[in-house]
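Colleague: I should like to go through this model with you, one question at a time. Please give the reasoning before each result.

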Amino acid sequence: MVAKTKVDLVLLDLNMPVKNGWDTFERLTAANPLVPVIVITGRPNQLFTAVGAGVGALLEKPLDIPRLLQTVSALLTESVEVRLARLAGRQATFHYLPQAMQHWRINE
């Protein structure tokens, strides 16, 4: 779909029925390195993989919808330089809200 249509942002779940989410991310960013990607997962211990891969954001399930909307907005407005820096492993903004923090925020 991304090969045939211009996509502004991708929400990528790591648990997909046919392909591994990280394999999909690699193929997606190889063809479209500037497309911002938000990885959404219930898998534990994905932070370092996400940062190392150059993902724009990692949101853990259960999903915090207001946080998702804030993250989408932030990634859609960030500069090309920031996206390239993230993919190159240089310092760049990374959006992350661990599941434990989501529960903490909900119970406040």
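Colleague: What distance does helix α3 reach from its first C-alpha to its last?

Modeller: This is a predicted model. Helix α3 spans residues 65-77 and has 13 residues. At 1.5 Å a residue, 18 Å would be expected, and the helix comes close to that with 19 Å.

Colleague: Why do the buried residues of α3 lie on the same side of the helix?

Modeller: Buried here means under 20% relative accessible area, and in α3 this applies to Leu68, Thr71 and Leu75. An α-helix has 3.6 residues a turn, so residues three or four places apart point the same way. The buried residues of α3 are on the same side because they cover an arc of only 65° around the axis.

Colleague: Which exposed residues does the face of α3 turned away from its buried side carry?

Modeller: The buried side of α3 is formed by Leu68, Thr71 and Leu75. The face turned away from that side carries the exposed residues Pro66, Leu69, Gln70 and Thr77.

Colleague: Is His95 buried or exposed?

Modeller: His95 is placed in strand β4, residues 95-97. Leaving aside residues up to four places away in sequence, His95 touches Gly56, Ala57, Leu58, Thr71, Ala74 and Leu75. Its relative accessibility is 16%, and because the cut-off is under 20%, His95 counts as buried.

Colleague: Which element supplies the largest share of the largest nonpolar core?

Modeller: The largest nonpolar core has 12 residues, including Val10, Trp22, Phe25 and Leu58. At least two residues of this core come from each of β1 (10-13), α1 (21-31) and β2 (37-41). The largest share is three residues, and the element supplying it is α1.

Colleague: How many residues does the other core have, the one that includes Ile38 and Leu75?

Modeller: Val10, a member of the largest core, touches Leu28, Val35, Pro36, Val37 and Ile38, not counting residues up to four places away in sequence. Apart from the largest core lies another, with Ile38, Ala57, Leu59 and Leu75 among its members. The number of residues in this other core is seven.

Colleague: Over which residues is the pLDDT below 50?

Modeller: The mean pLDDT of the protein is 84, and 89% of its residues reach 70 or more. One stretch has a pLDDT below 50, although it has nine contacts in the model beyond near neighbours in sequence. That stretch is residues 102-108.

Terms used: Residues are numbered from 1 along each chain as its sequence is written. This is a predicted model: local features need pLDDT of at least 70, side-chain atom pairs count only at pLDDT 80 or more; totals for chains, interfaces and linings use all residues. Side-chain values use heavy atoms; hydrogens and water are left out. Helices (H or I, at least four residues) and strands (E, at least two) are DSSP runs, numbered from the N terminus. The expected span of a helix is 1.5 Å times one less than its number of residues. Buried means under 20% relative accessible area, exposed over 50%, partly exposed in between (1.4 Å probe, protein chains only). The arc is that of the directions from the helix axis to the C-beta atoms. Contact means heavy atoms within 4.5 Å. A nonpolar core is a set of buried Ala, Val, Leu, Ile, Met, Phe, Trp, Tyr and Cys residues joined through side-chain atoms within 4.5 Å. pLDDT is the predictor's confidence in each residue, from 0 to 100.
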